[in-house]
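Visitor: Please show me the model, and let us then discuss it by question and answer.

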Amino acid sequence: MVTKTVASYHFDTLAETISKLNEEDCTIIAGGTDVMVLHKSRRGVAPKIAKPVVFIDHLRELKQTYLEDGDLHIGACCTYGEMLEHSLIPNIFKKAIREVAAPAIRNRGTLGGNICNASPAGDMLPLLYIFNAKLVLRSVNEDRIVEIHDFIQGPRRIARQQNELLVEIILPEVVNEARLIFEKIANRRADAISKVSFAGLLQVQAGKVADARFAFGAVGPTMVRSQETEKKLLSQVYPLKVEVLDEVVADFASIINPIDDQRSTAAYRKTVALKLLRYFLTSKELF
Amino acid sequence: MITKDISQSVVKKDHVDKVAGQLPYISDVKMEDMLYGVLYRSPIAYGKVLSIEYPILPEGYHVIGAEHIPGGNFVKILIPDQPIFANEWVNYIGEPIFMLVGKELEVLYQLLDEAQVKFEEHEATYTLDDAIEKMTDVMATHEFGESLQTIEEIGKKAYQIIEEEYETGYQEHVYLEPQGMLGIYQEDEIQVQGSMQCLYYIKNALISALACDDDEVRVIQSPTGGGFGGKEDFPSMMACHVAIAAQVVKKPVMLLFDRSEDLVVTTKRHPSKIKYKTALDRDGNILSMSTEVFLDGGANTGLSPVVLQRALLNSAGVYKIPHYHAKGYVLKTNTVPNGAFRGFGAPQSFAGLESHMGHIARIAGKDPLEYKRQYLVKQGEPTITNGRFRDPIFMEDMIEDLLKTLNYKKKKEEFARFNQQSPRFKKGIGTSLFLHGCGFTGSGERDHIKATVKLLKTKDDQVLVKISNSDMGQGIFTTLSKIVAQELGVPYEEISFPYPDTKDVPDSGPTVASRTTMIVGKLLERAARRLKEKWQSGVEQEIVEDYVHEEMIPWDEKTFSGDAYPAYSWGVNIVEVEVDSFTGNVQLEKIHASFDIGKAIDERIVKGQIDGGMAQGLAYGFMEKMTSKQGRIQQRSITDYGPPTAMDIVHIESKLYDNPYAGGPYGAKGVGELTLIGGAPAVQSAIEDALAVPFYQIPITPEIIIESLEKREGEAVD
């Protein structure tokens, strides 16, 4: 075999790992469910990874899930399988997790990995966006906290510095009575990549909208969210007036610009995204 | 184990090795000095090869091209239009031009990049619609039935004439094991091992390509992880590649495809367009029907003419249609060649016809199932080729039983109520009625296949089955051993049935056309009976049995008249779905299926055929989507193509009706293809029932559903 040795690191502690990242530009592998696919070679040839590899999936520090001041902290290397078992993980996340790939992948894939892979079809991203997730990036110098929508810049483009590691995802407290929805639309019920996904949050207090958030996946380079449109709904009477509803749907119709590809069509993606939004805002079945 | 009734299930003979994961498939084989092959494939859809510049080869690396072929540069199938190495003209993207052979795949891939081939590009035909418009490259055509003049006369007096066009898409086999073939050089012979259904098709292709004698090539089947027709015709080409290479380099040469290569370059089910023209009277009764079938053959003929025959022979389904006419064409396009696939033209025809019958029923204001039942053929009635349905037909009983079990009428009412109250989710129920002609068409078994089977008894009284048929997962190791064992009165475990090797087995025909159990099984039954009569303990004995043609109405291939098949298997599928009218997603809710396959040789194995065939057939109707853009297949992974997972299929409630056929062993008829055929039309009918919208194509993807619903909404607003 023509083999080239790939340098790889597997440190006992998070501190050592981060200190290595400070010295060298590395490819980070948590579950590897994206990295290995991305670097796949043709049959019979090992994956080609140019940079040295750092394994992080064994680091206990990255697997902690806990509540602090009402905020939920999830370790970046928690696998989907682990989150499914954890009592602190919100049910709506568990619903989304059950639709991720299949059990084998769920046992490897991690929440941090899903974020750093920054796929337009990332299964966890719509919910993370509407939960206003904050990401803790650690380097030898400091902990930096970044909003998820600032962190994800485009398909497979993230605002991580070479010497940083995503260590924790923080979900700020969400009022309990919020109505939540997550819908993944794909060509089949397992091992599938989203054609459209949608997450919604709606909080109604005393007959008026107190909070509204929406995020759409797989209809643009990153999740589509519009805080401007969301604000229009605040204090509106619920059930919503037709004009209000139409305006919100029209706003999204102007910013959702999907593409045709081997999985679906632009027209389908857009139509379905708007239908799901309208359904969420009007359906009595959901509440 | 000796079972009282042959239908009683036993443990499959290859069960333990497969479950333990210890069965070595061809890609598990490693030999000393073994080299790998990789193919340089055409990047363009149609053009003339101007020059081929091979890369500079390191020591131990070789180029194998057209110049190394001792015989004709074509893969012997029906018509010599498929080059082994396309060194003059290329006709589709992915067509092999030459092969590089060497020890390291990584080096080989690098060398592929360094090769340079110059082309003069010509204007390609990319789609079936383009080909229909041109009608210049007709690979095969057939026509039969009532004269068009008579049909026209009838049409003039008709109350109305319904014309419909129907389209079916690609289907990919997605066998679990991708294609693989190993060529082994030996001083006196070239041996080819691999994943395959038809040992003698490959052997004949090798004799032609190597221009050698019968005893200079030898074909051995490896454990085969699924075929579905995909390993009927295609492996012959790979076998030629590795055999020629092995002969040149005098070393073993292995050619293996990974999934994405397999998806993009191997044969698929023919996309089709089917046109119907049906004359109705005032009450919606059919006065006449004419059907025109167009199949996209892809870049070379392959088995397409035979696929067209089966498509046409099945084009009137299970119905007695007055004044029926059928015509069909296979048209060439510059796309990946289409080939054999479970059902072999029949799934397209049944999907189209069942759809058309359903639409006419609605025009006539009748429930589709009730409407279709009026036209069911009965025993003794003629086929569309003036043959006879000679054996009992149980379709009426099968339908009636299912309707009772399901409480069909009540269910339809419940669904109607549900749909009225539910804005988003809609429930529907749909039915398909179908048959499958078992074995080769017409006199194919007698004139072309001429099957021979052999039973060998050793001195130790060990009985060996010597046939050229492949167990590809469908279970013939077990079922055929059971037949022999039952005749001999010994436990089936004592019958030995090694992987076939052409040096050792006679040509019992290919493993195709739902023929193995019925035709080959019958020959083995007869051979075993004779062996029992002549049994001499401690003596080596050999029994050879040749195919004997059953008396039927003689088949005339030119006029398409006579008995097209010796026997028919029958089926009824009823499918319940829930459609998400906001996303177009279809969820199967309940699946019911009844089949008449004569007699089950092993109920669990038959259940495997039912569950697998139906999953494949249902998915053909609404899930599996493969598209070609400018001659290039777009879906390069299983995820993108989307065959069903266990999450997509629900329990399949199935029932068998015993209807023994004298020409099959213990009364058995064919089962493998039948189970696929009813899936797509049943699911279409159910989706139409749920949404009250007609569809004119499969797969009915969510994209198609949403487009149709949006269109209807738009029309409602207008």
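Visitor: How far apart are the end C-alpha atoms of residues 20-123 of chain B?
Guide: This is a predicted model, in which local features need pLDDT of at least 70 and side-chain atom pairs pLDDT 80 or more, whereas totals for chains, interfaces and linings use all residues. Residues are numbered from 1 along each chain as written, chains are lettered from A in the order written, and side-chain values use heavy atoms, without hydrogens and water. Over residues 20-123 of chain B, with helices (H or I, at least four residues) and strands (E, at least two) taken as DSSP runs numbered from the N terminus, the chain is 10% helix and 31% strand, and the end C-alpha atoms lie 52 Å apart.

Visitor: Which strands are the edge strands of the open sheet of six strands in chain B?
Guide: Strands pair if DSSP finds at least two bridges between them. The order in chain B is 7-15-14-13-8-26, with mixed pairing. Pairing on one side only marks the edge strands of chain B, strand 7 (138-145) and strand 26 (697-698).

Visitor: Which residue pair of chain B and chain A meets in a salt bridge of 3.2 Å?
Guide: A salt bridge requires a side-chain nitrogen of Lys or Arg within 4 Å of a carboxyl oxygen of Asp or Glu. Across the interface of chain B and chain A, six are found. Helix 20 (702-717) of chain B is among the elements that each supply at least two residues of the side touching chain A. The side chains that meet at 3.2 Å, N to O, are those of Glu710(B) and Lys275(A).
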